Amino acid sequence: MSNTFGTLFRITTFGESHGEGIGVVIDGCPPGLTLDFAAIQAELDKRKPGQSRISTQRKEADTFVIYSGHVDGVTTGTPLAFFVPNTNARSKDYDEMSRLYRPSHADYTYQVKYGIRDHRGGGRSSARETIARVIGGAVARQFLSTLGPVKIEAWVSQIHDIVWPEMTFDWPETEDEYVAATRCPDPATAKAMFERVDAMRKAGDSVGGIISCRVSGIPAGIGEPIYNKLSATLGAAMLGINAVKGFEIGSGFGGTVLRGSEHNDVYYTDPETGVVHTRTNHNGGVQGGISNGEDIFFRVAFKPTATILQDQETIDEAGNPARVIGKGRHDPCVVPRAVPIVEAMAALVLADHWMLQQARKRN
């Protein structure tokens, strides 16, 4: 099983949804970085369950402990080890599902691959594993901040068929309950999204959506061409998140209806700074797999939550017809809680590529 992500800045994650907890070992973080523990916890708080009535009601504090890799909060260059204990697992809720294959879950595929599976909330296939990625990404973001004004910002741009298409905005100074619950910056759209998800919750159903992400402050020249393109590793990072079914960078699929004369990003030199820019950004800040200095922009599509509060037909491990009883705790839409996960994976990719670029340079 692949549990490690990254080349030079690497994370290895461990733990299960209904085990003792979730942990991450971060290897390759440079020495001398002063860790902001409050900022790491703040990222976990954005991801944790039970934030509103439209998220799972599993109550977890998701408070981390750190076991190694620092002295008085300053990294030593040795592996950083973090752990978040599970406190509200309720594994017995899954007893009747121990021999059933839940629709659209990884129960069947894990059983076929390993000959055994953890039926308690899906084990390693549970989205609770993303706690580890959020911690790793929070540290990666702090590393990136020492290299320049790098900003990674993701937001919910669509839930079901409710779309907010804006790309330039400021988060409200005071978030109302709808913006906080949906992670959509526009209060009116956030309210509509909240009401849609709440309606799905009451119906025992679920919906998906899209998270948009913009990264600024990355200089030109980051990314490895051909087999380790920046766009390709971002895509792999995002598609490795639970429930993700689509990734597009820049114009993405929409670019297919443009002509080359419309889609090409024309270069120019800023007369004041002498810096090369493009007049448009259809390529999303990446050309030939390498950053061009413009904002990196991509979108990530999430499917509807597989666990719903409706009875569904299925089969058991012997292949006999069976029914999954619709009960338990789940998110009727996973998208809002996935915003910090998208940002974390972007930070991990960029920190790793930045180190790869520095390794290429000669003194």
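Let's start with helix α1, residues 37-47. Its buried residues are Ile40, Gln41, Glu43, Leu44 and Arg47. Those five sit on the same side of α1, because they cover an arc of only 155 degrees around the axis. Keep in mind that this is a predicted model.

What lies over that buried side? The cover includes strand β7 (80-85), helix α3 (130-145) and helix α8 (335-360). One more detail, at the start of α1. There, Asp36 has a side-chain oxygen within 3.2 Å of the backbone nitrogen of Ala38.

Now the helix pairs. Two packed helices are described by the angle between their axes and the distance between the axes. We have two pairs to go through.

First up, α1 and α3. How do their axes cross? They cross at roughly 140 degrees and come within 9 Å. So α1 and α3 are oblique to each other, since roughly antiparallel would need an angle over 145 degrees. The crossing of this pair is right-handed.

Who touches whom? From α1 we have Ala39, Ile40, Glu43, Leu44 and Arg47. They meet Thr130, Ile131, Val134, Ile135, Ala138, Val139, Arg141 and Gln142 of α3. Look back at the buried list for α1: Ile40, Glu43, Leu44 and Arg47 are on it.

Next, α3 and α8. Here the axes are 7 Å apart, and the angle is about 50 degrees. That makes α3 oblique to α8. What is the hand of this crossing? The crossing of α3 and α8 is left-handed.

The contact lists are long here, so take a sample. On the α3 side they include Thr130, Arg133, Val134, Gly136 and Gly137. On the α8 side they include Pro340, Ile341, Ala344, Leu348 and Trp354. Thr130 and Val134 come up in the α1 contacts too.

Let's move to strand β11, residues 244-249. Glu248 is in this strand. Is Glu248 buried or exposed? Glu248 counts as buried because its relative accessibility is 14%, and the cut-off for buried is under 20%.

So what does the Glu248 side chain reach? One target is the backbone nitrogen of Phe253, at 3.0 Å. Another is the side chain of Arg299, through a polar contact of 2.8 Å. Set aside the neighbours within four places in sequence, and the contacts of Glu248 are Phe253, Phe298 and Arg299.

Gly246 lies in β11 as well. Which residues does Gly246 touch, leaving aside neighbours within four places in sequence? They are Leu239, Arg299, Val300 and Ala301. Arg299 is a contact of Glu248 too. Now pick Arg279, 33 residues from Gly246 along the chain. The C-alpha atoms of Gly246 and Arg279 are separated by 27 Å.

Last topic: backbone angles. Two residues have a positive phi although neither is a glycine.

Take Ile226. Its phi is about 70 degrees. Where is Ile226? In the loop between β10 (209-216) and α6 (230-239). Ile226 is exposed, because its relative accessible area is 58% and exposed means over 50%.

Then Ala243. Its phi is about 75 degrees. Ala243 is in the loop between α6 and β11. Its relative accessible area is 22%, so Ala243 is partly exposed.

If you want a place to begin in the viewer, find α1 and look for its cover, which includes β7, α3 and α8. Then go to Glu248 in β11, and look for its polar contact with Arg299.

Key:
Residues numbered from 1 in each chain as written. Predicted model: local features only at pLDDT ≥ 70, side-chain atom pairs only at ≥ 80, totals over all residues. Heavy atoms only, no water. Buried < 20%, exposed > 50% of the residue type's maximum accessible area, 1.4 Å probe, protein only. Helix = DSSP H or I, 4+ residues; strand = E, 2+ residues; numbered from the N terminus. Arc of directions from axis to C-beta. Contact = heavy atoms within 4.5 Å. Polar contact = N/O pair within 3.5 Å; in protein donor to acceptor, adjacent residues only side chain to side chain. Axes fitted to C-alpha atoms, helices over the stretch in contact; angles between N-to-C directions. Parallel < 35°, antiparallel > 145°, perpendicular 65-115°, else oblique. Left-handed = near helix turned anticlockwise from the far one by under 90°.
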